[in-house]
Amino acid sequence: MSNEPILATHGLIRRFGGLVAVSDVDFDVRPGEIHAILGPNGAGKSTLINLLSGEIPPSEGQVLFHGKPIQGKSVRQIARMGIGRSHQKTNIFPRLNCLQNCELASRIHMGGVFGSWRSRQRARKVSERALEVLETCHLVHRAYTPAADMSYGEQRQLQIAMVLATAPTLMLLDEPMAGMGREETWQVTELLKSLTDRYTLVLIEHDMDSVFCLADRITVMVDGCVLESGTTDQIRTSEKVRDVYLGRHHEEATA
Ligand SMILES: Nc1ncnc2c1ncn2[C@@H]1O[C@H](COP(=O)(O)OP(=O)(O)OP(=O)(O)O)[C@@H](O)[C@H]1O
């Protein structure tokens with residue numbers, strides 16, 4: 001497998017008025033890796049993900065996907081290039097069942113309009129893909145269950161399935177374990193681990209156990225800047241990270 005970055009940023013800056021939320025960030029993601037982004041609240045992690053998915057434009061700098069700039073492209077065009085993303089808040093359709101939620105994600109991605117869904121072949125492809133991703137996410141037995149009737153953990157798994165339904169090569173996941181209990185967290189950790197033979201993952205997550213279990217590399221952000229980037233071992237043993245972030249995180253967690 002090529003080790004050329006699938007995604008790279010150069011001198012990425014995003015300002016909100018006078019606030020620099022992302023400050024001169026050079027970041028890269030290699031094919032097939034799980035790359036976690038850590039940092040305290042307000043460090044700029046979500047803003048970085050929003051820049052990578054094209055949801056907001058940079059103030060300065062560049063995002064390259066497979067070496068090509070994504071600037072000037074719409075979110076949908078970027079998604080069709082192969083970048084899928086999930087948000088911190090669950091954005092499923094509660095009245096639709098699991099299968100319908102995944103079909104909808106796939107149709108929206110393919111550009112299908114509800115009323116004018118003509119092609120049977122396309123519709124079959126959408127259903128097949130939806131079932132396939134439910135299988136991947138261990139939700140086939142819930143295919144016909146309305147999303148509203150599922151546990152919170154299952155809803156978060158469905159959200160990952162909906163991203164997969166858009167056939168990405170790179171997935172950007174913003175706190176996929178947020179609000180979960182221990183057991184659900186480990187279920188999703190195992191699920192994400194199982195995806196690595198087919199997908200590249202960028203993950204924002206506060207659950208340290210999951211991050212250190214899952215990630216190949218970690219980038220730590222503080223105040224909009226990259227404090228350190230490296231393998232899990234490099235991050236675990238970095239004095240800078242320990243002083244500035246892990247110590248603080250530990251104190252917050254035990255307070
Ligand atoms: N749309 C916006 N308008 C103004 N300021 C914003 C906007 N989005 C983010 N910010 C500010 O940018 C900074 C970085 O926010 P961001 O949400 O990226 O941090 P984060 O690391 O993801 O934090 P958290 O872990 O709490 O989600 C914060 O000071 C935030 O208030």
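Q: A crossover counts as right-handed if, with the strands pointing away from the viewer, the path from the first strand over the helix to the second runs clockwise; which elements make a right-handed β-α-β unit here?
A: In this predicted model, the unit is made by β7, α6 and β8, and the path from β7 over α6 to β8 is therefore clockwise in that view.

Q: How do you know that β7 and β8 pair, and in which sense?
A: Two strands pair if at least two bridges are found between them, and strand β7 (residues 170–174) is joined to β8 by five bridges, in the parallel sense. One of the bridge partners is Met171 with Leu201 in β8.

Q: Which strand besides β7 is joined to β8, and over how many bridges?
A: Strand β3 (residues 34–38) runs parallel to β8 and is joined to it by four bridges, with His35 standing opposite Val202 in β8.

Q: Why is β8 called largely enclosed by the rest of the structure?
A: A residue is buried if 20 or more other C-beta atoms lie within 10 Å of its own. Five of the five residues of strand β8 (residues 200–204) are buried, so the strand is largely enclosed by the rest of the structure. Both of its faces are covered, since Thr200, Val202 and Ile204 are buried on one side and Leu201 and Leu203 on the other.

Q: What makes the arrangement of β2, β1, β4 and β5 an open sheet, and which strands stand at the edges?
A: The four strands follow the order β2-β1-β4-β5 with antiparallel pairing. β2 and β5 stand at the edges with a single partner strand each, so one side of each is left without a neighbour in the sheet.

Q: How many bridges join the strands of this sheet?
A: β1 and β2 pair antiparallel over seven bridges, and Thr9 has Phe27 in β2 as its bridge partner. Strand β1 (residues 7–16) is joined to strand β4 (residues 60–65) by five antiparallel bridges, where Ile13 is partnered by Glu60 of β4. Two bridges join β4 to strand β5 (residues 68–69), which meets the limit of at least two, and Leu64 has Pro69 in β5 as its bridge partner. The hairpin of β4 and β5 has two residues between the strands, and His66 in it takes a positive phi near 50°.

Q: Which residues surround the ligand, and which elements give two or more of them?
A: The ligand is surrounded by Phe16, Leu19, Ala21, Gly39, Asn41, Gly42, Ala43, Gly44, Lys45, Ser46 and Thr47. The elements that contribute two or more residues to this shell are β2 (19–29) and α1 (45–52), and the largest share, three residues, comes from α1.

Q: Why does the shell around the ligand divide into four nonpolar, six polar and one charged?
A: Gly counts as polar and Lys as charged, so Gly39, Gly42 and Gly44 fall in the polar class and Lys45 in the charged one, within a division of four nonpolar, six polar and one charged.

Q: How do you know that domain 1 and domain 2 touch?
A: The chain is divided into domain 1 (1–82 + 170–255) and domain 2 (91–167), whose centres, taken over C-alpha atoms, are separated by 26 Å. Contact requires C-beta atoms within 7 Å, and nine residues of domain 1 are in contact with ten residues of domain 2. On the domain 1 side, the largest share, four residues, comes from helix α6 (residues 182–194), and by class that side has six nonpolar, two polar and one charged residues.

Terms used. Residues are numbered from 1 along each chain as its sequence is written. This is a predicted model: local features need pLDDT of at least 70, side-chain atom pairs count only at pLDDT 80 or more; totals for chains, interfaces and linings use all residues. A residue is near a molecule or strand if its C-beta atom, placed from the backbone, lies within 6 Å of it. Domain bounds come from an automatic or database domain assignment. Two residues are in contact if their C-beta atoms, placed from the backbone, lie within 7 Å. A residue is buried if 20 or more other C-beta atoms lie within 10 Å of its own, exposed if 12 or fewer, and partly exposed in between; C-beta atoms are placed from the backbone.
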